[in-house]
Amino acid sequence: KEKVKKEHKKISSSVKFTILAVILIAIFCVALTPVTFQNDTYYTIKVGEHIAQNGIDGQDPFSWHEDLAYTYPHWLYDLITYFIYSISGFTGIYIATCILSIILGLSIYFVNTKLAKNQLFSFLITIGVMYMIRGYIAARAQLVTFILFILTIYFIEQFLETKKKRYAVALIIVPIIIA
């Protein structure tokens with residue numbers, strides 16, 4: 001009975017730490033998210049609007065050169081950003097950026113916890129990483145790419161550990177999503 005109580009207490013404190021870590025990471029990520037936008041944000045909105053109205057046409061609509069071929073590298077992000085902007089303006093884009101920042105921070109934390117098996121170390125690493133990349137937290141598609149990179153690390157580790165094919169499939173799908 002005593003051993004079961006100790007194990008229950010250990011699990012209970014682990015859950016409490018996880019909840020506290022998630023809340024603190026979320027607050028920290030929102031605090032790191034800049035309220036100002038880069039020039040790219042305005043471009044992203046216009047490209048998204050162009051795609052919504054004309055589809056993906058393979059032409060750069062904002063070039064000084066006529067009929068300049070263009071490949072939309074992050075057309076889906078541009079389109080989603082435009083829809084968010086059309087519904088709720090720059091406030092919506094800021095909130096979406098905060099949410100993506102939180103998802104990135106929590107992804108880093110949970111992947112580190114899974115790999116290192118030490119919650120405090122994972123928490124400190126997460127705070128350090130988020131602080132170091134604070135200059136890259138912006139309303140840009142790179143934030144989604146960072147999240148996908150973290151998931152790729154997780155899938156690689158899980159595949160090496162378990163040899164389960166679903167992780168190998170994920171390692172094929174995630175780069176396709178990034179591309």
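Biologist: Leaving aside neighbours within four places in sequence, which residues is Met 130 in contact with?

Modeller: The model is predicted. Contact here means heavy atoms within 4.5 Å. With neighbours within four places in sequence left aside, the contacts of Met 130 are Phe 28, Cys 29, Leu 32, Ser 101, Leu 104, Gly 105, Ile 108 and Ile 137.

Biologist: Which helix gives the most to the largest nonpolar core?

Modeller: The largest nonpolar core has 25 residues, and those with the most contacts inside it are Ile 25, Leu 104 and Met 130. At least two residues of this core come from each of α1 (2-32), α3 (75-116), α4 (119-132) and α5. With 10 residues, the helix that gives the most is α3.

Biologist: How many residues does the other core have?

Modeller: This core lies apart from the largest one. Among its members are Leu 148, Phe 155, Ala 170 and Val 174. Its number of residues is 5.

Biologist: Why are the buried residues of α6 on the same side of the helix?

Modeller: In α6, the buried residues are Tyr 167, Ala 170 and Val 174. They lie on the same side of α6 because the arc they cover around the axis is only 45 degrees.

Biologist: Which exposed residues are on the face of α6 turned away from its buried side?

Modeller: What covers the buried residues of α6 includes α5 (142-162). The face turned away from that buried side carries the exposed residues Lys 165, Ile 172 and Ile 176.

Biologist: How far does α6 reach from its first C-alpha to its last?

Modeller: Helix α6 spans residues 165-178, which is 14 residues. At 1.5 Å a residue, 20 Å is expected, and the reach in the model is close to that: 20 Å.

Definitions and conventions:
Residues are numbered from 1 along each chain as its sequence is written. This is a predicted model: local features need pLDDT of at least 70, side-chain atom pairs count only at pLDDT 80 or more; totals for chains, interfaces and linings use all residues. Side-chain values use heavy atoms; hydrogens and water are left out. Helices (H or I, at least four residues) and strands (E, at least two) are DSSP runs, numbered from the N terminus. The expected span of a helix is 1.5 Å times one less than its number of residues. Buried means under 20% relative accessible area, exposed over 50%, partly exposed in between (1.4 Å probe, protein chains only). The arc is that of the directions from the helix axis to the C-beta atoms. A nonpolar core is a set of buried Ala, Val, Leu, Ile, Met, Phe, Trp, Tyr and Cys residues joined through side-chain atoms within 4.5 Å.
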